[in-house]
Amino acid sequence: MEAFLGNLSLGFGTALTLNNIFFCFIGCMVGTLVGVLPGVGPIATIAMLLPITFGLDPTGALIMLAGIYYGAQYGGSTTAILVNLPGEATSVVTVLDGHQMAKQGRAGVALGIAAIGSFFAGTVATLLIAALGQPLTKLAQLFGPAEYFSLMIMGLVFAVVLARGSILKAICMILAGLLLSTVGTDLETGQERLTLGLQDLSDGIDFAVLAMGIFGFAEIVRNLENPETRDVVQRAVGKLLPGKEDFKQAYRPILRGTFVGAILGILPGNGAVLGPFASYTMEKKLAKDPSRFGRGAIEGVAGPEAANNAGAQTAFIPLLTLGIPPNAVMALMVGAMTIHGIIPGPQVMTKNPDLFWGMIASMWLGNLMLLVINLPLIGLWIRLLKVPYRMMFPAIMIFCCIGIYSVNNSTSDVLFTAFFGLVGYTLLKFGFEPAPMLLGFVLGKLMEEKLRQALILSRGSFMTFVERPVSGVLLAIAVLMLIIALLPSIRKGRDEVFVE
Amino acid sequence: MSEQTSPDDRKPSFGIRSGQDFGAGLFLIALGIFAFWQAQTLGRGTLNAMGAGMLPQSLAVMVAVGGLGLVITSLLVDGPRLERWSLRGAFFIFGGIVLFALTIRPLGLVVSGPLAMFFGSMASDEFRWKESAIFAVILTTICILLFKVLLRLPIPVVGSLLEPILPF
Amino acid sequence: MKRLILALAASVAFAGMSVAQTYPTKPITMIVPFAAGGPTDIVARLVSENMSKTLGQQIVVENVAGAGGTTGITRASQAKPDGYTIMMGHMGTHGAAPALYANLKYDPVKDFEPVGMAAGTPILIVTKKAFPANDMKEFVAYLKANADKVNQAHAGVGAVSHMTCILLNSQIGVKPTAVPYGGTGPALNDLVSGQVDYMCDQIVNLVSQVKAGSIKALAIASAERSPALPDVPTTKEAGLPEYQVAAWNAVFAPKGTPKDVVAKLTSALNTALDDAGTRKRLEDLGGVLPTKDERGGEWLGKFVASEVARWNPVLKASK
């Protein structure tokens, strides 16, 4: 306990210098900005800002870059709620109920609960990193390819639960998402798969391209044909902040979301991406009336947002304690550290304690700043919703185009976005939901990689997934959840099997 | 969703009781067949050493089977009909994005921004050309300030074709 | 109109002396064919920062990742050869790519004006902590005796860790089970937790794990020991002298870039490589800088040809 307090005070001593507060603030501001702008993710921004940080001292530079990262998570939920655009895999879930809330004139409540939930989760996660960061890395070491594969299977079951309409359609969408994820160069043989001979597809489909297309653009076209639905957003603006009743509904989901998100975030294989999905599934199953979900349930925003932010924070654990980046943004942080002469790894904690604890303390400070930045901004965002739709949608369109272009500096990405927009619109017409497809897509790549690794290591024996204890338990949970998910619809009788 | 369609506006044709599910099923079957055809040349390998084709091919089959399931349901269970398609919206929105992609590098954001926005604006039945044109120019200016000046993204403001003509 | 004609005339006559005297008059784009934050990107950013100062114009790094770096290099090779688009090539894009990508749209030897070598990072051979072999000799013997049991990790086809381990395996004469990963991070993670047995990769990616004792380093594939890991013997000392390989990064311009523009770039690059601050930063990463003989375009041109010749048979044989 004494060491813990000592570490924290060292951390706050570093983070609370005038310089570092300033860098933290800049990072949070820039992060919020790029998070709000669709397409422009933290990756492109951190890459662009790297050279600017050359002249800074490493702690300040890293505090700023980390600020961009979790600032972008906050900002991303704003776009998800207001205009139905998930910039990252983790905000796909926020879209589901968040945007519905906005359409019902509860955008302020959704944004407010997202910000407050995120702050709470961020605080808990920061404490968790400080107290248990070192021992928690051991947990990650338990996870080999077989365990990850089973975890991903569990994730796919979440996607089934996520669906609000027909379960058969949801399963079809997951499969289609998995199929899309196989597009690109095969990891093992280097063969091009399903690329239609296009070189631009050889690295697969970019998440932002797919998400902007099937969520963003498809939604715009759909809104244009139903003037009634789009005008609802503008007419009813409603409350600015969540009230007592909202908190009463949301505090439990926030607690659970924080817990789930924090645990999954520690896993080095980008487990954080599962956090929001897991939390949503949990809330939907625990709710008295699950049919509210997907129609603007506050729990469906509060829980996943907390899980998202908790995961975003604990994802720093593998980076800081093992030096192994769990996702692309963290890989960039490794680059940033190396440029500043700090090679991330197990020794950072002992060799550069001020940097290590300073960063952790600054995370909490950053979360506080984000809350302070974001709460007043809600009023502004809501006013933006009053802009007539005929002006709003071209603006969304151009921001998306620029954002998508800047991810890889590629015009073909922009063309693909248009294509997936068309696909997404078609899917909407056929009554499909895009969210399960996106989850299938996100998990697909990792799942195939892990499946093949596990089978290579076990020399072709599927028993490896059952024999390894952690993997076996995860699979058992997945099967159990699937049964729980399917049961209500099976009970309803033969005629309604596929309509929940 | 089924409660939205009242029984009397559903005309049973060829035994199809849900046009939406029927179309959805056909769409998935087509997707599955297309993907399988594209992946057929890839080696399937063994479980021990899975080839590049194993998963794409199996998933393609599963997607097609799922589609078949939907087609069958559409014949057995009443469901929503296919909605009307909005061709105007799709054409101008996706056309605008394509225009942006084609012009961003040769002409740069100064031209492709307003162009794409103006074209896209026509998707709305409330289109007013003067307003859209002015708004497109203003917003492009904001975008240049935001993305180029503030965030320093390497997006071409003046394209390669215009560069020699302009003095800067 | 006059201005238009003048401008067009000037851009057509790019081979003229007058252009080179004023070059550069606007920012230069350096295409890095990998994602930001990776080893090549870091080298590019460190070097270009100093080159910008010398040239008096900003060098803007543009990351165009994809297909083992060949997407970015293809685009850069097709850029206008006026010196305003240059690129950071790499062992993969300018050495191994012809063997790995059947429909490669450029020729590493013919389609570029080499500017100069920037920095290389030597390859380290590492095993999991619990691996039975403790030095190179034991390692080779163990591999030969247990080839069917051993698992080697790599970060995907075309990655440095993939190619360099193929070279290692072919020199030892074994074909162990190769486990592909989606990147160095996950591969390293499974090496640390003991799921796989060994891998080869750039020293910069491995040094902190080796220092912490979570993995074992057997040898470094360079002529001299690295100051970053002075206890790790070279492959020469460890008994595998023919295994000499480094992941190198070098600056190229598209074919047809005027000679004097290339010369200006080369001299700016050399200034950067002589700058104490830049040197230190590169060396802290475990980078090896080119000697005086290894600088400039001419040497690089020959080196690229020799690399293509070296990788072609090894990689084709592994398919």
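**Reading helix packing and chain contacts**

Analyst: In this predicted model, α18(A) and helix α5 (residues 129–150) of chain B pack at an angle of about 35°, with their axes 11 Å apart.

User: In which handedness does α18(A) pass α5(B)?

Analyst: The crossing of α18(A) past α5(B) is right-handed.

User: Which residues of α18(A) and α5(B) meet?

Analyst: From α18(A) come A:Met391, A:Pro394, A:Ala395, A:Ile398, A:Ile402 and A:Ser406; they meet B:Phe135, B:Ala136, B:Leu139, B:Cys143 and B:Phe147 of α5(B). By class, this contact holds ten nonpolar residues, one polar residue and no charged ones.

User: How many residues of chain A are in contact with chain B?

Analyst: On the side of chain A, 59 residues are in contact with 66 residues of chain B. Helix α18 (389–408) of chain A supplies at least two residues of this side, as do α3 (42–49), α8 (167–181), α9 (207–225), α19 (411–429) and α20 (434–457). The side of chain A that touches chain B divides into 36 nonpolar, 13 polar and ten charged residues.

User: What is found where chain C touches chain A?

Analyst: There, 43 residues of chain C are in contact with 41 residues of chain A. Both helices and strands of chain C contribute: α3 (39–55), β2 (59–63), β6 (177–180), α8 (184–192), α9 (203–212) and α12 (276–284) each supply at least two residues of the side that touches chain A. That side of chain C has 18 nonpolar, 17 polar and eight charged residues.

User: How should a crossing angle be read within one chain, for example between α4(A) and α15(A)?

Analyst: An angle over 145 degrees counts as roughly antiparallel. The axes of helix α4 (residues 58–83) and helix α15 (residues 328–339), both of chain A, come within 10 Å and cross at roughly 170°. The two helices are therefore roughly antiparallel to each other. Helix α4(A) passes α15(A) in a right-handed crossing. The contact is formed by A:Ala61, A:Leu62, A:Leu65 and A:Tyr69 from α4(A), together with A:Val329, A:Met333, A:Ala336 and A:Met337 from α15(A). Eight nonpolar residues make up this contact, with no polar and no charged residues.

User: How is the exposure of a single residue read, as for A:Val479?

Analyst: One counts neighbouring C-beta atoms: a residue is buried if 20 or more others lie within 10 Å of its own, and exposed if 12 or fewer do. A:Val479 has 13 other C-beta atoms within 10 Å and is therefore partly exposed. This residue lies in helix α22 (residues 469–491) of chain A.

User: How far apart are A:Val479 and A:Met154 in sequence and in space?

Analyst: A:Val479 and A:Met154 are separated by 325 residues in sequence, and by 8.1 Å in space, C-alpha to C-alpha.

Conventions
Residues numbered from 1 in each chain as written. Chains lettered and ligands numbered in written order. Predicted model: local features only at pLDDT ≥ 70, side-chain atom pairs only at ≥ 80, totals over all residues. Axes fitted to C-alpha atoms, helices over the stretch in contact; angles between N-to-C directions. Helix = DSSP H or I, 4+ residues; strand = E, 2+ residues; numbered from the N terminus. Parallel < 35°, antiparallel > 145°, perpendicular 65-115°, else oblique. Left-handed = near helix turned anticlockwise from the far one by under 90°. Contact = placed C-beta atoms within 7 Å. Nonpolar A, V, L, I, M, F, W, Y, C, P; charged D, E, K, R; others polar.
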